[in-house]
Every structure is written in structure tokens, then in C-alpha cells.
Amino acid sequence: MSQALQSLLDLLDLERIEQDIFRGQSRSAVVPRVFGGQVAAQALVAAGRTVPADRHAHSLHAYFLRPGDPGAPIVYTVDRIRDGRSFTTRRVVAVQHGQPIFHLSASFQTYEEGLEHQAPMPLAPDPETLPTAAEMIPRYAGVFTEPGVAERILEAREAVDLRYVDAPPFGSVGEPREPRSQVWFRTNGKLDGEIDEPLLHVCLATYVSDMTLLDSVLLAHGRGGWAIGDVVGASLDHAMWFHRPFRADEWLLYDQESPSASGGRGLGQARIHTRDGRLAITVIQEGVVRVPR
């Protein structure tokens, strides 16, 4: 296991300070606020730690309320909304400096048999044929608005092996493209032993899901994103549905597209497939996407 992955796992290992109250640490992100995927993953960890082990997360719905301060801990308070025979519902509020910064509702379900169908997996090249982030990101260092941005991106994503199928938004500035993006991802190391539990894999996928989902919005307009300085933005809300078991330390295809942008907001939607073609997750996110005046 890489040191970067171990650091991420430590970040997700929340401190329990009361029965349903947890505290998580933060770390600097590529922008001067807490990375949204970190808050969402930590909130799901908090919710999951109040749920019986035989009930697995099947959905989450969240709102980003305020920018998080990376220099301060985050307190997560879990509200036990309902414990039914098949489903368990939890609500989590993340607080910093006395104010809520994030709100999450999550639902968990016991295993049961049911009807089966799924959308087919889209075509994509094998991940091993694609450049790693360490090989790809430095190629674009010259287009970033500030020195050191390439290094900050690589550091922020060091725990995850994330590979773009096509050029990222900052690699095709000024060239509008189809509003669709694909990346392969997996953790930068295997998960085994006591930590190898379904909740951790779901939380790690939640963490990664916030990294690239709005890329397709930028691609439609030839915008490069925050690293270029031609848009400003932030996540507004985030929803995920976990359909089938998966492992975050094995390759997952994140197939993303944007059906709409208007009113200073952009919508991204995606499906995440396992390498053998099973539809594992559906993701939808809306974010602020504004052109600087």
C-alpha cells in the first residue's frame, strides 16, 4: 500500500467523540477549501458506523452548504432517522466553526434477491494502455495560470491511480468537445486485512466521484477549469446509487456526461462500471460553473 493511500485511509478513520458524533481531520486540497469528496466520504463513514454491518449503503444525497476550512477539524453529527426491517436511514450534518458546511442523507439495505437488468458498459480502452497521472499532468504544466499547479494536482490525487481516456479540460482549452469524459480509477494499492470491508470501498468511490464529474460541463464549452482560471465553480449537490458490489482497489470505469448547463450551474451525470462490465454506481452532481467577469 502506498503512503498516500494510507494517509487517505487515516483521513477516513474518524474519531468517535460521542455515540453519534465523530470528528474528522482535513488536509489542503488543490483549491483553498476542503475537497468536497473528502467531506462526502467522511460523512458516509460517520453514517455507516451507526448501522449494522449486514446493511450496506445503497444511496446518498448530499448538499454542499459552505466552503470547508482545511485548517480545522470537521464534526459530523449523525441522526438515526429510521431503522426498518430492510432499510436504515441516516442523516449527517458536518459542522465547522459553529456552522453547517455539508448535509448528507444515506440509506442502507440488507441483502435480498430481486429483478436484474442494467445498462451496457460503454466502450473504453484498457486502463493499462493509458498514461498515468504522473505521465500526463506534467505535459500541461505550461497552460496553468500559476506555478506549481501540476504538482498540487498530482499530490491531491496521489492515493488514486486515475487515468483519462481523452485529454482533460485543461488539455483542450478553447476547443469545445462533446460533453462527455471517461476516466479509469482505482486506489493506489490493495486493501486487505481488517480494513477490507464494503463500507470502505463505497466511501473511497464517493471520495473519487467528486474529482472529475463536472469535467464534461467544461468540455462542452472549451473551458479549462480552475487551474486555467477561465471558470470558477464549486459543487452544489451530489447523489449516488450503489447498485452492485465492487472493489475500489480494482479498475472502475467512470463514464461521465453533461446533459445541461444554465443559470451559472452545470449538471454532470455518470455511470461507474467494474472492469468486467457490471454497473456498480450511478452518480449525479450539480455545481456552480461561472465565467469570471
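How many residues does the hairpin that joins β1 to β2 pass through? Keep that in mind while you set up your viewer.

**Before you start**

This is a predicted model, where local features need pLDDT of at least 70, side-chain atom pairs count only at pLDDT 80 or more, and totals for chains, interfaces and linings use all residues. Residues are numbered from 1 along each chain as its sequence is written, and side-chain values use heavy atoms, with hydrogens and water left out.

**Stop 1: the hairpin**

Select β1 and β2. The hairpin between them goes through 2 residues. Here a strand is a DSSP run of E with at least two residues, a helix is a run of H or I with at least four, and both are numbered from the N terminus. β1 and β2 run antiparallel and are joined by 3 bridges. Click on R16 to find one bridge: its partner in β2 is F22.

**Stop 2: the whole sheet**

Now show every strand. You will find 12 strands in an open sheet, ordered β1-β2-β4-β5-β6-β3-β9-β12-β11-β10-β8-β7, with antiparallel pairing. Two strands count as paired if DSSP finds at least two bridges between them. At the edges stand β1 (15-18) and β7 (160-164); each has a single partner strand, so one side of each has no neighbour in the sheet. From one strand to the next, the twist averages 25°.

**Stop 3: strand β8**

Select residues 180-187, which make up β8. This strand is mostly covered, with 6 of its 8 residues buried; buried means under 20% relative accessible area, exposed means over 50%, and partly exposed lies in between, using a 1.4 Å probe and protein chains only.

Look at its two partners in turn:

- β7 joins β8 through 5 bridges, and the two run antiparallel. D161 has R186 in β8 as its bridge partner.
- β10 (residues 252-262) is also antiparallel to β8, with 6 bridges. W184 has L253 in β10 as its bridge partner, and S181 stands opposite Q256 in β10.

**Stop 4: helices on the sheet**

Bring up helix α2, residues 36-48. It packs on the sheet and touches β2, β3, β4, β5 and β6, where contact means heavy atoms within 4.5 Å. The direction of α2 makes about 50° with that of β6. These angles run from 0 to 180 degrees between N-to-C directions, and axes are lines fitted to C-alpha atoms, for helices over the stretch in contact.

Next, add helix α5, residues 198-212. This helix lies across β3, β7, β8, β9, β10 and β12, at about 145° to β9.

**Stop 5: where helices meet**

Keep α2 and α5 on screen. They pack at an angle of about 160°, with their axes 7 Å apart. α2 and α5 are therefore roughly antiparallel to each other; angles under 35 degrees count as roughly parallel, over 145 as roughly antiparallel, 65 to 115 as roughly perpendicular and the rest as oblique. Show side chains, and you can pick out G36, A40 and L44 among the α2 residues that meet α5 residues including V202, C203 and T206.

Zoom in on L199, which has its place in α5. Leaving out residues up to four places away in sequence, L199 touches L44, V45, G48 and R49. L199 and R55 are 144 residues apart in sequence but 9.6 Å apart in space, C-alpha to C-alpha.

Now add helix α1, residues 3-12, which packs with α5 at about 105°, with axes 12 Å apart. α1 and α5 are therefore roughly perpendicular to each other. L8, L9 and L12 of α1 make the contact with L200, L204 and Y207 of α5.

**Stop 6: the nonpolar cores**

Select Y76, F102, F144 and I281: these have the most contacts inside the largest nonpolar core, which has 72 residues. A nonpolar core is a set of buried Ala, Val, Leu, Ile, Met, Phe, Trp, Tyr and Cys residues joined through side-chain atoms within 4.5 Å. α5 gives the most to the largest core, with 9 residues. Apart from it lies another core of 5 residues, among them L130, V165, W251 and L253.

**Last stop: a loop residue**

Finish at H97, in the loop between β5 and β6. Is H97 buried or exposed? Its relative accessibility is 60%, so H97 counts as exposed. Its phi is near 50°, a positive value in a residue other than glycine. Most residues other than glycine have a negative phi.
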